[in-house]
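Here is a short note to read beside the structure. Take the points in order, and find each residue as you go.

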Amino acid sequence: MAQVGEFAQLDLSDNPRYFIEFLDMVDRAPKIKEVRNSTYKAMDLALGSHVLDVGCGHGTAAIEMARLVGVHGTIEGVDISGDMIAEAKMRAQDVSNVTFRTSDAYQLPYADNTFDATRMERVLLYIKDRERVISEMIRVTKRRGRVVLADVDFESTAIFSNDHLQTRKMTALIADACVNPTSGRELPYLLRAAGLEDISVDLQAISTPYEFCFHLSNGTLRSAIEGGRVTPQEVDIWLQDLASIEAAGQFFQSWVFTIVGGVVG
Ligand SMILES: C[S@@+](CC[C@H](N)C(=O)[O-])C[C@H]1O[C@@H](n2cnc3c(N)ncnc32)[C@H](O)[C@@H]1O
């Protein structure tokens, strides 16, 4: 069964639709728009801007930015997954100023000093060598241009349940499926260490519905069972508790995002 950690190499997954549905569910969370707006503000996005979205997924932010920068602006979106890029191209059929290509964030296919701003949302969670990827983003950003990173902190996950100790265990298991589950809190340090100037930091909290919690937890916890870190019974009892809370109209889950920007000196 697919699990969240596979975002690092999802073309190897036998179920690419799991990840497309995952991103669509997050896109339906009302406050994700505020996370994205916060990145656009930190990027100083304006009419005519030339922008790169690294790890663009199925293209929601890139398509949105294409409208914001107008016909004289351009957006490039890159993602390591051919499945995601195919989906992004399909969704952007009627948008003329956005281009998508399959590419690894470790080696961006652009010359130095190309973009007014570069951004990356919910990708560093899955990246082993974050310093290398950030330095690649800086390389392709113009002098005085902006680099913006947004990540969730998986350890900020709060889920209402009848057994908060089990919930702590389950959320820790889900977090551990990512290479950098605490990426959100590490972003300010990473951009300062990379030498960027005028660092801005914003925090946004979002809540996601039961359908997303189940989609994320079920796949990821089944992998944790295979790893021997939790029993099938524990997972079933915990998920049943959440289902009964949802049936009573009381489901609640929240996350904290960190949005960090900096200027290339
Ligand atoms: C959680 S999704 C986020 C997608 C999009 N940024 C969004 O906010 O909707 C993570 C994305 O990062 C991509 N990714 C993971 N490792 C990558 C790498 N080394 N280079 C480029 N993209 C990568 C995945 O394929 C996936 O589409």
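Which elements each supply at least two residues of the lining of the largest cavity?

1. **Where the cavity sits.** The model is predicted. Four elements answer the question: β5 (141–159), α6 (164–175), α8 (210–226) and β7 (253–263). Of these, β5 gives the most, with three residues.

2. **How much space it holds.** The structure has one cavity of 30 Å³ or more. The space in the largest cavity is about 40 Å³. Rolling a probe the size of a water molecule over the atoms shows where empty space is left.

3. **What lines the cavity.** Look for F154, T157, I159, T171, I174, L216, S217, Q253 and W255 around the largest cavity. Sort this lining by class, and there are five nonpolar and four polar residues. No charged residue is in the lining.

4. **The largest pocket.** Now turn to the open space. The largest pocket has a volume of about 800 Å³. Its lining takes in 47 residues. F7, A8, R122, V123 and Y126 are the ones nearest the centre of the pocket.

5. **Which elements line the pocket.** Two or more residues of the pocket lining come from each of α1 (16–28), β1 (50–54), α3 (60–69), β2 (74–79), β4 (115–121), β5 and β7. Here α1 gives the most, with four residues. Note that β5 and β7 appear for this pocket, and that β5 and β7 also supply residues to the lining of the largest cavity.

6. **The class of the pocket lining.** Of the residues that line the largest pocket, 27 are nonpolar. Another 10 are polar, and 10 are charged. Set this beside the cavity lining, where no charged residues are found.

7. **What fills the pocket.** Where is the ligand? The space taken by the ligand is the largest pocket. The ligand has 20 residues around it. G55, D79, A105, E121 and R122 are the closest. R122 also counts among the residues nearest the centre of the pocket.

8. **Polar contacts with the ligand.** Check three pairs of atoms. A polar backbone atom of G55 lies 2.7 Å from a nitrogen atom of the ligand. For D79, the side chain takes part: one of its N or O atoms is 2.6 Å from an oxygen atom of the ligand. At A105, a backbone N or O atom is 2.9 Å from a nitrogen atom of the ligand. On its own, the ligand has 600 Å² of accessible area, and the protein covers 98% of this.

9. **The class of the ligand shell.** Which class of residue surrounds the ligand, and how many of each are there? The shell has 11 nonpolar, four polar and five charged residues.

10. **Two backbone angles to check.** Most residues other than glycine have a negative phi. D44 has a positive phi, near 60°. D44 is in the loop between α2 (32–43) and β1. D198 also has a positive phi, near 50°. Its place is in strand β6 (residues 197–207).

Notes
Residues are numbered from 1 along each chain as its sequence is written. This is a predicted model: local features need pLDDT of at least 70, side-chain atom pairs count only at pLDDT 80 or more; totals for chains, interfaces and linings use all residues. Side-chain values use heavy atoms; hydrogens and water are left out. On a 1 Å grid over the protein atoms alone, a cavity is a set of points where a 1.4 Å probe fits but cannot get out, and a pocket is an open set with protein on both sides within 12 Å along at least five of seven lines; lining residues have an atom within 4 Å of a point. Grid points are joined across faces, edges and corners, and a volume is the space filled by probe spheres set on the points. Ala, Val, Leu, Ile, Met, Phe, Trp, Tyr, Cys and Pro count as nonpolar, Asp, Glu, Lys and Arg as charged, and the others, Gly among them, as polar. A residue is near a molecule or strand if one of its heavy atoms lies within 4 Å of it. A polar contact is a pair of N or O atoms within 3.5 Å; within protein, one must be able to donate a hydrogen and the other to accept it, and residues adjacent in sequence count only if both atoms are side-chain atoms. Accessible areas come from the Shrake-Rupley method with a 1.4 Å probe; for residues, only the protein chains shown count as cover. A molecule sits in a cavity or pocket if more than half of its atoms lie within 2 Å of its grid points.
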